[in-house]
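Biologist: I should be grateful for a close look at a single part of this model, namely the nonpolar core and its surroundings. Please present the answer as one connected account.

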Amino acid sequence: MSQQANIDSMTNILGQTFGLYVQTHGYHWNVEGPQFRQFHTLFEEQYQNLWEALDEIAERIRCLGAYAPGTLSELTTLAGDAPARAQSAEAMVDALISAHGALAAKLRDAITTAQEAGDEVSAGVLTDRLEWHEKEIWMMKASRA
């Protein structure tokens, strides 16, 4: 696998992370219902982690010698669409479980791409992100039980 494929993969992960950050922050602002405080706090913890991850991923792209997307239009093109309509807290959690799962799948592919390019540092960064997303999925699923 080429270094360019590795950079492209990391850039895609950056965009997907940005999309999830925006979606989660919007849910933090708009969650309602009897579990408001629990989910408001959960979403805040998640979007803060995602915000920090954006910097780490972008800086890794720079370490690889490429420019990270630096405009809103570049990032939103990579991010995809997150629903903006009003939703129940449970629907928000379900949407985030799905979004974290989709990003986890992309992370698995990106880890393989980084390893094939001989970039163990990027593979490590991505593996750490995968671990966090899988834990968040588990915690959100447990909150619905």
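Modeller: Phenylalanine 39 offers a starting point: apart from its neighbours within four places in sequence, this residue is in contact (heavy atoms within 4.5 Å) with Val31, Ala89, Val93 and Ser143. The model is a predicted one, in which local features need pLDDT of at least 70 and side-chain atom pairs count only at pLDDT 80 or more, while totals for chains, interfaces and linings use all residues. Residues are numbered from 1 along each chain as its sequence is written, and side-chain values use heavy atoms, with hydrogens and water left out.

Phe39 is also listed among the residues with the most contacts inside the largest nonpolar core, together with Ile13, Leu14, Phe43, Ile57, Ile61 and Leu126. That core has 41 residues. The term denotes a set of buried Ala, Val, Leu, Ile, Met, Phe, Trp, Tyr and Cys residues joined through side-chain atoms within 4.5 Å. Buried means under 20% relative accessible area, exposed over 50% and partly exposed in between, with a 1.4 Å probe and protein chains only. Two or more residues each are given to the core by helix 1 (3-30), helix 2 (36-63), helix 4 (89-116) and helix 5 (120-144). Helix 4 supplies the largest share, 13 residues.

Phe43, another of the core residues with the most contacts, leads to histidine 28, a residue of helix 1. Histidine 28 has a relative accessibility of 6% and therefore counts as buried. Beyond its neighbours within four places in sequence, histidine 28 is in contact with His40, Phe43, Glu44 and Tyr47.

Glycine 118 provides a contrast. This glycine lies in the loop between helix 4 and helix 5, and its relative accessible area of 58% makes it exposed. Its C-alpha atom is 8.5 Å from that of glutamine 3, although the two are 115 residues apart in sequence.

The setting is the whole protein chain, with 5 helices and 0 strands; helices (H or I, at least four residues) and strands (E, at least two) are DSSP runs, numbered from the N terminus. The radius of gyration, taken over C-alpha atoms, is 15 Å, close to the 15 Å that the globule rule (2.2 Å times the number of residues to the power 0.38) gives for 145 residues, so the chain is as compact as a globular protein of that length. Of these 145 residues, 45% count as buried. Among contacts with a separation of 6 or more, 80% join residues 24 or more positions apart.
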